[in-house]
Amino acid sequence: MPATAMDSALVAHWIDGKEQAGFSGRTAPVYDPALGTVSTHVSLVNLAGIVAAIASATAAFPARRDQSIAKRQQILFSLRELLNAREGEMAEIITSERGKVLSDALGEVSRGQEVVEFSCGIPHLLKVDYSENDLIGVDMYSTRQAPGVVAVIIPFNFPATVPKWFFPLALAAASTSVSPKMAQAIRSAER
């Protein structure tokens with residue numbers, strides 16, 4: 001029996017600052033591999049949902065691009081703390097959805113956290129450079145520009161590690177991103 005948008009066990013999408021059911025009206029079951037039972041349902045997205053997510057990320061990009069380096073770094077530190085506080089919960093979700101043993105799932109969460117922590121220091125490295133008289137009578141400037149909207153496809157076998165390879169780095173580089181639930185964690189860290 002398909003889940004509805006009101007079903008608490010439905011995993012929705014985070015688009016435009018709120019959970020949305022994916023626009024297609026369809027869901028798919030998520031099975032607990034150890035028990036063979038349905039543990040939740042995930043909302044399936046259609047082209048309209050993808051277009052809405054990209055439009056939302058595109059509209060949010062100018063504000064992200066114009067955020068100060070210090071603000072982006074503050075968000076990254078908040079994200080790190082939020083994810084550290086919920087690492088056990090994330091590992092349990094991975095175990096129930098992917099069948100990994102809890103110790104392996106905790107290792108995956110920890111490996112991803114290393115990238116989040118690395119990202120906390122990146123905004124400092126993104127400052128521009130100026131060299132006076134780099135060549136005779138020539139001053140050199142370097143600037144960094146945010147790439148824009150970043151799309152991430154997350155494989156089933158590393159659902160906690162792979163998103164952390166991309167989202168924190170996109171945030172540090174003043175970009176927005178499109179993909180599942182990690183975007184919601186970044187929004188939570190901004191508050």
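Where in the chain is the place of Ala 174? In this predicted model, Ala 174 lies in the loop between helix α5 and strand β9, the latter spanning residues 176-178. The phi angle of Ala 174 is near 65°, which is a positive value in a residue other than glycine. Ala 174 has a relative accessible area of 5% and is therefore classed as buried, given that the term applies under 20%. A positive phi also occurs at Asp 16, where the angle is about 60° although the residue is not a glycine; Asp 16 belongs to the loop that connects β2 (13-15) with β3 (18-20).

These loops are set in a protein chain that has six helices and nine strands. Of the 191 residues of the protein chain, 32% count as buried. When the contacts in the protein chain with a separation of 6 or more are considered, 61% of them are accounted for by residues 24 or more positions apart.

Helix α5 (residues 161-172) packs with helix α2 (residues 69-85), the two axes being 9 Å apart and forming an angle of about 155°. Because angles over 145 degrees count as roughly antiparallel, α2 is described as roughly antiparallel to α5. On the α2 side the contact is made by Arg 72, Ile 75, Leu 76 and Leu 83, which meet Lys 164, Pro 168, Leu 171 and Ala 172 of α5. By class, the residues of this contact comprise six nonpolar and two charged, with no polar residue among them.

Leu 76, one of the α2 residues in that contact, can also be placed relative to Phe 118, a residue of helix α4 (residues 102-125). The C-alpha atoms of Phe 118 and Leu 76 are separated by 9.8 Å, and the two residues are 42 residues apart along the chain. Phe 118 itself is exposed, because its relative accessible area of 54% lies over the 50% cut-off.

Ala 174 and Arg 72 appear again in the lining of the second largest pocket, which has a volume of about 180 Å³. The residues lining this pocket are Arg 65, Ile 69, Arg 72, Leu 126, Val 128, Arg 144, Gln 145, Ala 146, Pro 147, Ala 173 and Ala 174. Sorted by class, the lining has seven nonpolar, one polar and three charged residues. Arg 72 thus takes part in the contact of α2 with α5 and also lines the second largest pocket, while Ala 174, a buried residue, lines the pocket from the loop between α5 and β9.

Conventions
Residues numbered from 1 in each chain as written. Predicted model: local features only at pLDDT ≥ 70, side-chain atom pairs only at ≥ 80, totals over all residues. Heavy atoms only, no water. Axes fitted to C-alpha atoms, helices over the stretch in contact; angles between N-to-C directions. Helix = DSSP H or I, 4+ residues; strand = E, 2+ residues; numbered from the N terminus. Parallel < 35°, antiparallel > 145°, perpendicular 65-115°, else oblique. Contact = heavy atoms within 4.5 Å. Nonpolar A, V, L, I, M, F, W, Y, C, P; charged D, E, K, R; others polar. Buried < 20%, exposed > 50% of the residue type's maximum accessible area, 1.4 Å probe, protein only. 1 Å grid on protein atoms, 1.4 Å probe; cavity = no way out; pocket = protein on both sides within 12 Å on 5 of 7 lines; lining within 4 Å. Points joined across faces, edges and corners; volume = space filled by probe spheres on them.
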